[in-house]
Amino acid sequence: DPATDATFRNRADIVERIKHFSSFNMSDGCWLRHMAKAGPMDHPHSLLFSVLMDEMGDGVVGHNHSNIYQDLCHSTGYYPYPMSSRKFAFDESLIESGFQLPVFELAASACTEAYFPELLGMTLQLEWGIYEAKKTIALLEYYGFDTHYYVMHVGIDNPSNGHAAR
C-alpha cells in the first residue's frame, strides 16, 4: 500500500528513487551490448540479441528504454547530465552505489564470450525480476508520476511471451 510504505513516504522520496536509479535504468540492456556480430549466429545469441534490440527500442527512438526513463526523470524535474559525460559519472548528487550494477554489467559485457553463461544468468535474473515493478508502478501512480517505463517492462519482460520467455 503506497500510502503506508515505510521507505517511500512522500513524493520527494520517489523523486530521489528515480534519480538514484538513473544510471541503472538509462543503461538498460548494456549487459548485452556485444551480443551480436555480423555473420552466423546460434539460437541463444539470437534470443539475447533480440532482447537487446527491444531494450534499444528496435530502431524507434520513442521505444528506447533509456529514453523512456530519461523522460521519467525529466517529468520529476531531474535533468541528468549526459550519461557519456564525466559530469554524470561524478555527479555528487547521485549515490555511488547506484553505479555498482551498471558498472558490473558493462564490465561483464566487455568479454561477452568469456562471460556468456554469466550474461545469460544476468538476463534471466533481470527479466524475471519484473514482478518487483508492480510495487514501483503503484508508488508512481499514487504520487502522480508517469508509469510508462515500468508498465512497458511488465509487458515486454513477461514470462508468457516476453523477454523472460525467451
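Here is a short chat about how the labels on this predicted model are earned.

Me: Before we start, what kind of model is this, and how are residues numbered?
Reply: It's a predicted model, where local features need pLDDT of at least 70, side-chain atom pairs count only at pLDDT 80 or more, and totals for chains, interfaces and linings use all residues. Numbering runs from 1 along each chain as its sequence is written, and side-chain values use heavy atoms, with hydrogens and water left out.

Me: What makes something a helix here, and how many helices does the chain have?
Reply: Helices are DSSP runs of H or I with at least four residues, strands are E runs of at least two, and both are numbered from the N terminus. By that rule the chain has 9 helices and 0 strands, so the order from the N terminus reads α-α-α-α-α-α-α-α-α.

Me: How do you know that the chain agrees with a compact globule?
Reply: The rule is 2.2 Å times the number of residues to the power 0.38, with the radius of gyration taken over C-alpha atoms. For 166 residues that gives a value near 15 Å, and the chain has 16 Å, which agrees. Along its principal axes, the C-alpha trace spans about 50 × 40 × 30 Å.

Me: Why is H45 called buried?
Reply: Buried means under 20% relative accessible area, exposed means over 50%, and partly exposed is in between (1.4 Å probe, protein chains only). H45 comes in at 11%, so it counts as buried. Across the chain, 43% of the 166 residues get that label.

Me: And what does H45, in helix α3, have contact with, leaving aside neighbours within four places in sequence?
Reply: Contact means heavy atoms within 4.5 Å. On that basis H45 is in contact with M35, E113 and F116. H45 and F116 sit 71 residues apart in sequence, yet their C-alpha atoms are 9.1 Å apart in space.

Me: Is F49 buried or exposed?
Reply: Neither: F49 has a relative accessible area of 30%, so it is partly exposed. F49 is also in helix α3, and it touches M35, A36 and M41, not counting residues up to four places away in sequence.

Me: What makes R11 partly exposed?
Reply: Its relative accessible area is 40%, so R11 falls in the in-between class. R11 lies in helix α1 and, leaving aside neighbours within four places in sequence, is in contact with Y143, G144 and F145.

Me: Why is D58 called exposed?
Reply: Because its relative accessible area is 51%, which is over the 50% cut-off. D58 lies in the loop between α3 and α4. Its phi is near 50°, a positive value in a residue other than glycine.

Me: Which residues of helix α9 are buried, and how do you know that they're on the same side?
Reply: In α9 (residues 148-156) they are Y149, Y150, M152 and H153. They cover an arc of only 160° around the axis, which puts them on the same side of α9; the arc is that of the directions from the helix axis to the C-beta atoms. An α-helix has 3.6 residues a turn, so residues three or four places apart point the same way.

Me: What do those buried residues of α9 pack against?
Reply: Five helices are listed: α1 (11-20), α2 (22-25), α3 (43-56), α4 (65-75) and α8 (133-142).
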